[in-house]
Structure formats: C-alpha cells, structure tokens
Amino acid sequence: YPVASLLAGLGIGGLAVALAAQKTVENLFGAFSIGVDQPFREGDFVKVEDFVGTVEAIGLRSTRFRTLDRTVVTLPNGRLADMRLESFTERDRLRLATIIGLVYGTTARQLREVLAGFESVLRAHPKIWPDAVIVRFRELASSSLDIEVMAWFQTSDWGEFQRIREEILIGFMEVVESAGSS
C-alpha cells in the first residue's frame with residue numbers, strides 16, 4: 001500500500017470530520033459555559049437580543065425559550081454564549097420611568113405645586129425606594145410642559161409593580177387636578 005496516499009487520505013478525512021464537528025463542539029462548549037456562568041436557569045424570565053421569554057430547557061446542543069406570544073425559540077448554545085443576555089429574574093426592584101405632560105396653560109405656581117405633589121406621592125408610598133426619587137421639569141415640549149418622573153419600587157414581582165404603579169399614577173392625577181391644571 002502507498003503510505004503517503006493513506007496518510008493524505010486520513011489527513012483529508014480528519015479535516016472533514018473536524019470541520020463537520022466544529023458546530024457540535026462549539027455548542028458543547030457553549031452549554032459548558034452556560035452551565036458554569038449560569039446567566040440564567042430554567043424558569044427564568046430573560047431578554048435575549050431581540051426577544052423576551054421564559055427559559056424552558058437548557059440542553060447540550062441548544063436552549064429553548066417560550067416567548068410572550070407563546071411561541072418557542074430554540075437557539076444553539078454556541079451562538080447563545082456569544083449573545084447579550086439580560087435576566088429579569090435577578091432584579092431586586094422595578095423602575096418607574098415616565099414623562100407626564102401638562103397643558104401649556106399651567107402657571108409656574110401650578111407647575112411647582114405639581115412637582116412637589118408628585119414627589120410627596122412617591123415618598124409617601126411604603127414600597128418606593130427612597131434613595132432615588134426623581135421628579136423634574138424636563139422641557140417645554142411642542143405641545144406640553146414635560147415632567148420626568150423616575151422611581152424604583154421595592155418589589156421584583158411584576159403584578160405587584162403594576163398595582164403600585166397604578167396607585168402612584170392615580171395619585172399623580174389627583175395632584176394635577178388639585179393644582180388646577182390638566
């Protein structure tokens with residue numbers, strides 16, 4: 001047998017197998033890195049680049065996510081290990097960030113009253129994190145006087161956050177009405 005031809009054949013065959021197995025090895029290393037780093041676990045609510053969903057299963061080759069539309073997205077672990085991942089499950093509090101526009105007929109006195117009222121509504125609520133309450137007159141926009149409001153709620157439960165946000169926003173409406181603006 002010609003030894004040079006056999007070695008060349010084995011070399012080409014080995015190269016073909018290596019190229020064919022490249023994605024498999026990449027996915028195994030991706031699964032290993034996900035297992036070690038644990039950026040998320042099964043059941044976590046996450047954002048992966050262009051979608052949000054719940055992690056359903058983490059396998060050796062891929063990970064499955066259930067989206068908000070109830071579809072299933074499957075991503076290879078090798079690709080997933082290189083993506084930007086954001087875990088909502090790890091949050092310790094949720095943020096309210098909103099812009100509230102008052103009509104241009106609002107006077108400076110009314111605006112000051114609204115700003116102070118918004119801040120006191122936020123600070124009076126027991127679930128508001130008191131270290132970072134922001135209520136500022138932001139700008140004279142094209143059709144409103146814009147007030148920027150930012151606060152963090154001391155909860156990581158989305159349903160509780162929605163209830164607290166509703167209470168706060170209704171309180172803001174009452175402040176605007178009592179100041180004589182809209």
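This passage describes the strands, aromatic pairs and salt bridges of a predicted model.

Strands of a sheet pair through backbone hydrogen bonds, either parallel or antiparallel. One open sheet in the model has three strands, in the order E6-E8-E7. Its pairing is antiparallel. Strand E6 (94-102) and strand E7 (134-140) stand at the edges. Each has a single partner strand, so one side of each is left without a neighbour in the sheet. From one strand to the next, the twist averages 20°. E6 and strand E8 (residues 145-153) run antiparallel and are joined by nine bridges. Within this pairing, glycine 101 stands opposite aspartate 146 in E8. Helix H4 (residues 158-179) packs on the sheet and touches E6 and E8. The direction of H4 makes about 25° with that of E6.

A further set of pairings involves strand E1 (residues 45-48). In a regular strand the side chains alternate between the two faces of the sheet. In E1, Val46 and Val48 form the covered face. Phe45 and Lys47 form the uncovered one. Four bridges connect E1 with strand E2 (residues 51-58), and the two run antiparallel. Here lysine 47 stands opposite valine 52 in E2. The hairpin of E1 and E2 has two residues between the strands. In this hairpin, glutamate 49 takes a positive phi near 45°. E1 also pairs with strand E5 (residues 85-87), through three bridges and again antiparallel. Valine 48 stands opposite leucine 85 in E5.

The next features are aromatic. A pair of aromatic rings is described by the distance of the centres and the angle of the planes. The whole structure contains seven aromatic pairs. In one of them, the ring centres of phenylalanine 45 and phenylalanine 88 are 5.4 Å apart. Their planes lie at 35°, so the pair is tilted. This pair links distant parts of the chain. Phenylalanine 45 belongs to strand E1, and phenylalanine 88 to the loop between E5 and E6, 43 residues apart. Phenylalanine 45 is partly exposed, at 29% relative accessible area. Phenylalanine 88 has 18% relative accessibility and counts as buried, because the cut-off for buried is under 20%. Phenylalanine 153 and phenylalanine 161 also form a tilted pair, with centres 5.1 Å apart and planes at 45°. Both of these residues, phenylalanine 153 and phenylalanine 161, are buried. Elsewhere, Phe40, Phe51 and Phe65 form one aromatic cluster. A ring can also meet a charge: the charged end of arginine 93 sits over the ring of tryptophan 129, 3.6 Å from its centre.

The search of the whole structure gives six salt bridges. Among them is the bridge between arginine 84 and glutamate 86, whose closest N and O atoms are 3.6 Å apart. Arginine 84 counts as exposed, at 56% relative accessibility. Glutamate 86 counts as partly exposed, at 28%. Another bridge lies in helix H3 (residues 108-124). It joins glutamate 119 to arginine 123, with the closest N and O atoms 3.0 Å apart. These two residues are four residues apart, about one turn of the helix. Glutamate 119 is partly exposed, at 26%, and arginine 123 is partly exposed, at 44%. Lysine 127 and glutamate 160 meet in a salt bridge of 3.1 Å, N to O. This pair links distant parts of the chain, 33 residues apart. Lysine 127 lies in the loop between H3 and E7, and glutamate 160 in helix H4. Lysine 127 is partly exposed, at 29%. Glutamate 160 is partly exposed too, at 21%.

Notes:
Residues numbered from 1 in each chain as written. Predicted model: local features only at pLDDT ≥ 70, side-chain atom pairs only at ≥ 80, totals over all residues. Heavy atoms only, no water. Pairing = 2+ DSSP bridges. Axes fitted to C-alpha atoms, helices over the stretch in contact; angles between N-to-C directions. Contact = heavy atoms within 4.5 Å. Buried < 20%, exposed > 50% of the residue type's maximum accessible area, 1.4 Å probe, protein only. Phe/Tyr/Trp six-rings, centres within 6.5 Å; stacked < 30°, edge-to-face > 60°. Lys NZ or Arg CZ within 6 Å of the ring centre and 35° of its normal. Salt bridge = Lys/Arg side-chain N within 4 Å of Asp/Glu carboxyl O.
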